[in-house]
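Open the model in your viewer and keep the selection box handy. We will go from one stop to the next, with a word on what to look for at each.

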Amino acid sequence: MPENTQIALLTSKSLPELICSELEGWIAQGKVSPGQPLREADISAQMGLSRGPVREAFRILEERGLVCCEKNRGVRVGNLTLEQVKEIYELRETLEGLIGRLAAERAGAAEKAALKGIVEEMAKAVDAEDVARYTELNFKIHEMLAGCTQNAVLKEIYLRLVSRLHLFRSYVLRHQTGSAKRSYLEHQAIAEAVCAGEADEAEKRLKAHTRESLQHLIAIAEK
């Protein structure tokens with residue numbers, strides 16, 4: 001379990017949502033593993049919070065498919081089968097293509113600068129072999145691309161879908177040699193296409209990236 005974390009209160013989010021964000025980060029970075037128990041009392045103590053908001057956060061995470069609440073067994077980190085991963089990626093490819101096209105058409109100067117900044121940080125994480133940091137940035141750049149579409153509904157649907165992949169993706173990044181480097185180069189090309197306003201190219205590259213990601217997931221899972 002991660003070391004003690006005190007969550008800073010932000011007016012833009014409720015306390016349970018802040019706890020959800022923290023726990024999603026733990027899952028994405030592999031700090032907690034699929035099937036691992038999450039004890040309400042322990043998390044409350046670590047975060048310096050009462051148990052009520054933690055209980056509500058568990059409920060939200062269960063709705064998102066990230067934890068399982070079982071009678072007499074408590075709360076555990078969720079899991080995904082390979083078939084479920086394939087189904088998610090089947091839908092994700094279509095969404096990614098649309099995101100790439102709209103992002104290239106609608107991203108403003110500030111958003112393009114932010115994309116370039118994330119890519120630079122990804123390069124540093126790859127060089128430092130910092131898997132946890134790279135995993136965080138990987139999610140961040142896709143969230144940024146979704147935001148560049150200026151379509152709030154699309155962004156919400158997309159983020160809800162891909163958040164479940166945290167249960168699988170962090171394992172692959174930890175166990176596959178060269179995965180982060182390959183991923184970085186693909187994201188670099190995607191960002192370049194979006195920043196250049198090349199909608200067709202951005203759509204093509206994001207779809208290809210999604211297909212490649214799935215093939216790598218399958219390869220490592222079947223070893």
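Start by selecting Glu 40: at 15% relative accessibility, this residue counts as buried. Here buried means under 20% relative accessible area, exposed means over 50%, and partly exposed lies in between, with a 1.4 Å probe and protein chains only. Keep in mind that this is a predicted model, in which local features need pLDDT of at least 70 and side-chain atom pairs count only at pLDDT 80 or more, while totals for chains, interfaces and linings use all residues. Residues are numbered from 1 along each chain as its sequence is written, and side-chain values use heavy atoms, with hydrogens and water left out.

**Around Glu 40**

Glu 40 sits in helix α2, residues 40-47. Helices (H or I, at least four residues) and strands (E, at least two) are DSSP runs, numbered from the N terminus. Now show what surrounds Glu 40: which residues is it in contact with, leaving aside neighbours within four places in sequence? They are Arg 51, Val 54, Arg 55 and Phe 58, where contact means heavy atoms within 4.5 Å.

Select Arg 51 next. Glu 40 and Arg 51 form a salt bridge, with their closest N and O atoms 3.0 Å apart; the term stands for a side-chain nitrogen of Lys or Arg within 4 Å of a carboxyl oxygen of Asp or Glu. Glu 40 belongs to helix α2 and Arg 51 to helix α3, so the pair ties together parts that are eleven residues apart in sequence. Unlike buried Glu 40, Arg 51 counts as partly exposed, at 44% relative accessibility.

**Along α3 to the sheet**

Stay on helix α3 and pick Glu 63 and Arg 59. Their side chains meet in a salt bridge, at 2.5 Å from N to O. The two residues are four apart in the helix, which means a separation of about one helical turn. Glu 63 is exposed, with a relative accessible area of 57%, and Arg 59 is partly exposed at 37%.

Now colour the whole of α3, residues 51-63: the helix lies across β1, β2 and β3 and runs at about 115° to β2. For such angles, axes are lines fitted to C-alpha atoms, for helices over the stretch in contact, and the angles run from 0 to 180 degrees between N-to-C directions.

Hide the helix to see the strands. In what order do the three strands form their open sheet? The order is β1-β3-β2, with antiparallel pairing; two strands pair if DSSP finds at least two bridges between them. β1 (37-38) and β2 (67-70) stand at the edges with a single partner strand each, so one side of each has no neighbour in the sheet.

Select β3, residues 74-77, which pairs with β1 over two bridges and with β2 over four. Arg 76 in β3 is a good residue to click: it is the bridge partner of Pro 37 and also of Cys 68. Between β2 and β3 is a hairpin with three residues in between, and Asn 72 in the turn has a positive phi of about 70°.

**Cysteines**

Select the cysteine sulfurs. How many disulfides does a search of the whole structure find? It finds zero, a disulfide being a pair of cysteine sulfur atoms within 2.5 Å. For Cys 68 the nearest cysteine sulfur, that of Cys 69, is 7.7 Å away. For Cys 195 the nearest is that of Cys 148, at 8.0 Å. Cys 68 is partly exposed at 33% relative accessibility, whereas Cys 195 is buried at 17%.

**Two loops**

Most residues other than glycine have a negative phi. Glu 129, in the loop between α5 (109-127) and α6 (131-148), has a positive phi of about 55°. At 71% relative accessibility, Glu 129 is exposed. Then go to Gln 150, in the loop between α6 and α7 (152-163), where phi is near 60°.

**Last stop: α10**

Finally, select Glu 201 and Arg 205, a salt bridge with its closest N and O atoms 2.8 Å apart. Both lie in helix α10 (residues 199-221), four residues apart and separated by about one helical turn. Then add Arg 101, Glu 105, Asp 200, Glu 203 and Lys 207, which are joined into one network by salt bridges that share partners.

Zoom out to finish: the protein has ten helices and three strands, and buried residues make up 46% of its 223 residues.
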